[in-house]
Amino acid sequence: MEWYNKLYVSEGASKRKRSIKRNIRMNRFQPGVYVITLPMNPENILDIFPAAVLKQNYYKKADMLAVGLATTIDEAKSLAVDILMDCYNNTGHFNIANFIKDRK
């Protein structure tokens with residue numbers, strides 16, 4: 001998994017951002033942490049995964065770009081809305097993948 005260089009981070013995760021990212025990279029259990037990624041299915045807009053799911057071999061090998069990090073599911077949903085609105089306000093559409101890749 002790659003991390004977006006302008007990662008969206010919820011208020012609850014902001015103080016622990018570095019340690020959360022490090023622990024996910026090191027495959028450590030991160031209870032209550034959610035990662036927002038560009039969608040694996042092109043029909044979706046974004047994917048939200050509990051960090052524990054990312055410990056599975058399938059996700060370790062998957063080509064994923066994490067664009068957001070949150071410490072509760074409600075924060076993750078709110079952050080996903082913030083990402084969508086940021087994309088729409090800057091481009092006039094909801095093509096998140098292009099928006100993120102253009103800002104990379």
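**Note on strand E3 and the aromatic pairs**

1. Strand E3 covers residues 47-50, and its side chains alternate. Asp47 and Phe49 point to one face and are buried. Ile48 and Pro50 point to the other face and are not buried. Keep in mind that this is a predicted model.

2. E3 has a partner strand. Strand E2, residues 34-37, pairs with E3 in the antiparallel sense. Four bridges join E2 and E3. At one of these positions, Thr37 has Asp47 in E3 as its bridge partner. Asp47 is also among the buried side chains of E3.

3. How many aromatic pairs does a search of the whole structure find? The search returns three. Tyr58 and Tyr59 form one that is edge-to-face. Their ring centres are 5.1 Å apart, with 85° between the planes. That angle is over 60 degrees, so the pair counts as edge-to-face.

4. Are Tyr58 and Tyr59 buried or exposed? Tyr58 is exposed, because its relative accessible area of 56% is over 50%. Tyr59 is buried, because its relative accessibility of 18% is under 20%.

5. Tyr88 and Phe94 form a stacked pair. The distance is 5.0 Å centre to centre, and the planes are 20° apart. Tyr88 is partly exposed at 38% relative accessibility. Phe94 is partly exposed too, with a relative accessible area of 44%.

6. Back to E3. Ring pairs link Phe49, Tyr58 and Tyr59 into a cluster. Phe49 lies on the E3 face that it shares with Asp47, and both are buried. Within the cluster, Tyr59 is buried as well, whereas Tyr58 is exposed.

Methods. Residues are numbered from 1 along each chain as its sequence is written. This is a predicted model: local features need pLDDT of at least 70, side-chain atom pairs count only at pLDDT 80 or more; totals for chains, interfaces and linings use all residues. Side-chain values use heavy atoms; hydrogens and water are left out. Buried means under 20% relative accessible area, exposed over 50%, partly exposed in between (1.4 Å probe, protein chains only). Helices (H or I, at least four residues) and strands (E, at least two) are DSSP runs, numbered from the N terminus. Two strands pair if DSSP finds at least two bridges between them. Rings of Phe, Tyr and Trp (its six-membered ring) pair if their centres lie within 6.5 Å; planes under 30 degrees apart count as stacked, over 60 as edge-to-face and the rest as tilted.
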